[in-house]
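Visitor: I should like to learn how to read a protein model. May we go through one together, feature by feature?

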Amino acid sequence: MKCTSAVGVDRNLRNLTVGNDQETSRYDLSKCVRIANTTVRIVASFTRDDDRIRTAIASRYGQRRTARTGHLLHNATKAIVTLAVQRKTAIVLENIEGIRSLYRKGNGQGRKYRGRMNGWSFGEAQRQIEYKARWIGLPVIRLSRRKTRGSSVTCPRCGERLQSDKTLKRKLWCGNCRNVMDRDMVAGINLARRERVRFARSRPPIIETQGGADEAMKGNPTPTVIPGVDAPKLTQPTKS
């Protein structure tokens with residue numbers, strides 16, 4: 001599918017924020033946090049002495065939690081992909097692998113906070129978006145950490161670093177523009193802006209069957225013709 005623009009998806013514990021320069025929207029996932037807290041509280045209330053029975057019952061509650069959370073993520077990711085197909089926008093995701101290392105014991109965080117953050121289903125949200133987009137043929141672009149550095153604290157208008165305030169909670173303000181913006185929406189807009197200039201670059205590169213790129217340049221003075229890209233080179237000149 002040929003796309004005319006891109007949309008950034010910022011994954012958070014309580015929402016999925018999708019946006020670009022034209023429009024931003026948010027999909028509420030706070031119910032997933034409530035489901036996780038309820039499951040933990042129910043499992044902690046078990047008083048049976050038989051560990052085997054407790055493990056079996058806890059496993060059932062865990063499966064129920066996974067199913068309910070997956071259904072909520074399914075509804076949100078389906079809406080995101082459907083809207084992207086209608087508007088012909090590629091989906092841009094941030095690579096946040098290894099983020100769980102920030103919530104380990106000894107980092108100065110509380111036990112409840114670490115448990116809540118480690119139960120964050122950011123990987124499941126990415127998996128659902130990618131396989132649904134792949135099924136339709138919609139391109140999904142993953143940006144590295146280097147390319148997304150400071151995406152949630154950089155003003156999308158002037159590029160200045162945004163300032164935080166405890167009274168504003170998740171909102172940030174720009175000292176240059178004098179505007180107050182939600183940090184999740186700022187991240188979505190910046191992700192959409194930092195996607196690759198051409199969506200074709202997100203596809204795997206064409207690998208030569210013999211030798212590398214340098215060898216092909218040295219050994220073959222005539223450049224290799226790629227069908228579809230160099231189509232005019234394959235056509236024969238017409239005789240007058």
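Guide: The discussion below moves from the whole protein to its sheets and then to single residues. Please keep in mind that this is a predicted model.

Visitor: With what should one begin? How many helices and strands are there in the protein?

Guide: An overall count is a suitable start. The protein holds seven helices and eight strands. Buried residues make up 32% of its 240 residues. The accessible surface comes to about 16600 Å², and 50% of that surface belongs to carbon and sulfur atoms. One may also look at contacts between residues with a separation of 6 or more: residues 24 or more positions apart account for 62% of these.

Visitor: How is a sheet to be read? In what order do the five strands of the open sheet stand?

Guide: One reads a sheet by the order of its strands, the sense of their pairing and its edges. Here the five strands have the order E3-E2-E1-E4-E5, and the pairing is mixed. The edge strands are E3 (24-28) and E5 (140-143), each of which pairs on one side only. From one strand to the next, the twist averages 25°.

Visitor: What does mixed pairing look like in this sheet?

Guide: Two pairs of strands illustrate the mixed pairing. Strand E1 (residues 5-11) and strand E2 (residues 15-19) run in the antiparallel sense and are joined over four bridges; Gly8 stands opposite Gly19 in E2. Strand E4 (residues 89-94) and E5, by contrast, pair in the parallel sense, over four bridges. There, Leu93 stands opposite Arg142 in E5.

Visitor: Which side chains of E5 point to one face, and which to the other?

Guide: This is a matter of following the strand residue by residue. In E5 the side chains alternate. Ile141 and Leu143 point to one face and are buried, while Val140 and Arg142 point to the other and are not.

Visitor: Which strands form the other open sheet, the one with three strands?

Guide: Its order is E6-E7-E8, with antiparallel pairing. Strands E6 (163-164) and E8 (180-182) stand at the edges with a single partner strand each, so one side of each has no neighbour in the sheet. Strand E7 (residues 171-173) pairs with E8 over three bridges, and Lys171 has Asp182 in E8 as its bridge partner. Helix H5 (residues 183-193) packs on this sheet and touches E7 and E8; the direction of H5 makes about 75° with that of E8.

Visitor: Let us turn to single residues. Is Thr17 buried or exposed?

Guide: One compares the relative accessibility of the residue with a cut-off: under 20% counts as buried. Thr17, in strand E2, has 0% relative accessibility and therefore counts as buried. Its side chain makes a polar contact with the side chain of Asn15, at 2.8 Å. Beyond its neighbours within four places in sequence, Thr17 is in contact with several residues, including Gly8, Val9, Asp184 and Met185.

Visitor: And what may be said of Thr89, in strand E4?

Guide: Thr89 is buried as well, with a relative accessible area of 7%. Distance in sequence and distance in space should be read separately. Thr89 and Met1 are 88 residues apart in sequence and 9.4 Å apart in space, C-alpha to C-alpha. Among the residues that Thr89 touches are Cys3, Ala84 and Leu138.

Visitor: How does one describe an aromatic pair?

Guide: A pair of aromatic rings is described by the distance of the centres and the angle of the planes. The structure holds two such pairs. In one of them, Phe46 and Tyr61 are 6.0 Å apart, centre to centre, with 55° between the planes, and the pair is tilted. Phe46 lies in the loop between helix H1 (30-44) and helix H2 (51-87), and Tyr61 lies in H2, so the pair ties together parts that are 15 residues apart in sequence. Tyr61 is partly exposed, at 29% relative accessibility.

Visitor: Finally, what should one look for in the backbone angle phi?

Guide: Most residues other than glycine have a negative phi. Lys88, in the loop between H2 and E4, has a positive phi of about 55° although it is not a glycine. Lys88 is partly exposed, with a relative accessible area of 46%. Arg178, in the loop between E7 and E8, likewise has a positive phi, of about 60°. At 64% relative accessibility, Arg178 counts as exposed.

Terms used: Residues are numbered from 1 along each chain as its sequence is written. This is a predicted model: local features need pLDDT of at least 70, side-chain atom pairs count only at pLDDT 80 or more; totals for chains, interfaces and linings use all residues. Side-chain values use heavy atoms; hydrogens and water are left out. Two strands pair if DSSP finds at least two bridges between them. Axes are lines fitted to C-alpha atoms, for helices over the stretch in contact, and angles run from 0 to 180 degrees between N-to-C directions. Buried means under 20% relative accessible area, exposed over 50%, partly exposed in between (1.4 Å probe, protein chains only). A polar contact is a pair of N or O atoms within 3.5 Å; within protein, one must be able to donate a hydrogen and the other to accept it, and residues adjacent in sequence count only if both atoms are side-chain atoms. Contact means heavy atoms within 4.5 Å. Rings of Phe, Tyr and Trp (its six-membered ring) pair if their centres lie within 6.5 Å; planes under 30 degrees apart count as stacked, over 60 as edge-to-face and the rest as tilted. Accessible areas come from the Shrake-Rupley method with a 1.4 Å probe; for residues, only the protein chains shown count as cover.
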